[in-house]
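User: Please walk me through this structure, step by step. I am new to it, so plain explanations would help.

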Amino acid sequence: MTTPTIRVQREDFDLQAEIDRLVAGRTDIGAVVTFSGLCRDEGGSLNALELEHYPGMAEAEMRRIAELAVERFALQGLTAIHRFGKIAPGENIVLVIAASPHRQAAFDGANFVMDFLKTAAPFWKKEHPKDGSSGGWVPAKDADDSARDRWIPR
């Protein structure tokens, strides 16, 4: 089974370098799908988004999700990176790269990982508005739960 690469880090990541690392020397990969989540400025009102995580548990949950995706979609490679700390609008927050022989498995694998990261991994977001107010913690969204639930067999 493919071993996914999982990282939780403060520093930024280089999307192309991560793709290159995943596919280096591989001729069995026919599709690479990437998802890069960026911090939005929320209509110009947001100064930064602060991400906190539960160290150790966040990495373990990311690994569990990634291993499920590798197995379910027969992925040949998977990288998942999630940043923490204060992140300014336009900066990277999360990266998922899924590699497989064919495109659909790579698309599905990347979607699956993101849908579960949004709902199951222990990360919390706090908004820091430009007006200097205290902002607040971003609540969970029902839409994220619905996106995750489509992957759960009934």
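**Helices and rings**

User: Which residues in H3 do the residues of H2 meet?

Analyst: Helices here are DSSP runs (H or I, at least four residues; strands are E, at least two), numbered from the N terminus. A contact means heavy atoms within 4.5 Å. On the H2 side, the residues involved are Glu61, Met62, Ile65, Leu68, Ala69, Arg72 and Phe73. Their partners in H3 are Ala105, Asp108, Gly109, Phe112, Val113, Phe116, Leu117 and Ala120.

User: Thanks! What kind of model is this?

Analyst: Residues are numbered from 1 along each chain as its sequence is written, and side-chain values use heavy atoms, leaving out hydrogens and water. Local features need pLDDT of at least 70, side-chain atom pairs count only at pLDDT 80 or more, and totals for chains, interfaces and linings use all residues, as this is a predicted model.

User: How is H2 oriented relative to H3?

Analyst: Two packed helices are described by the angle between their axes and the distance between those axes. Axes are lines fitted to C-alpha atoms, for helices over the stretch in contact, and angles run from 0 to 180 degrees between N-to-C directions. For H2 (residues 57-73) and H3 (residues 103-120), the axes come within 9 Å and cross at roughly 155°. Angles over 145 degrees count as roughly antiparallel (under 35 roughly parallel, 65 to 115 roughly perpendicular, the rest oblique), so H2 is to H3 roughly antiparallel.

User: How do the residues of the contact of H2 with H3 divide by class?

Analyst: H2 passes H3 in a right-handed crossing (the near helix is turned clockwise from the far one by less than a right angle; anticlockwise is left-handed). Ala, Val, Leu, Ile, Met, Phe, Trp, Tyr, Cys and Pro count as nonpolar, Asp, Glu, Lys and Arg as charged, and the others, Gly among them, as polar. On that basis, the contact of H2 with H3 has eleven nonpolar, one polar and three charged residues.

User: How many aromatic pairs are there in the whole structure?

Analyst: Rings of Phe, Tyr and Trp (its six-membered ring) pair if their centres lie within 6.5 Å; planes under 30 degrees apart count as stacked, over 60 as edge-to-face and the rest as tilted. Ring pairs join Phe73, Phe112, Phe116 and Trp151 into a cluster. Across the whole structure, the number of aromatic pairs is four.

User: How far apart in sequence are phenylalanine 73 and tryptophan 151?

Analyst: These two form an edge-to-face pair, with 5.7 Å centre to centre and 85° between the planes. Phenylalanine 73 is in helix H2 and tryptophan 151 is in the segment after helix H4 (142-149), so the pair links distant parts of the chain, residues apart: 78.

User: Is tryptophan 151 buried or exposed?

Analyst: Buried means under 20% relative accessible area, exposed over 50% and partly exposed in between (1.4 Å probe, protein chains only). Since its relative accessibility is 9%, tryptophan 151 counts as buried.

User: Which residues does arginine 148 contact, leaving aside its neighbours within four places in sequence?

Analyst: Arginine 148 is found in helix H4. With a relative accessible area of 19%, arginine 148 is buried. Beyond those sequence neighbours, its contacts are Asp115, Phe116 and Thr119.

User: How are H3 and H4 placed relative to each other?

Analyst: H3 passes H4 in a left-handed crossing. Their axes are 9 Å apart and pack at an angle of about 135°. The orientation of H3 and H4 is therefore oblique.
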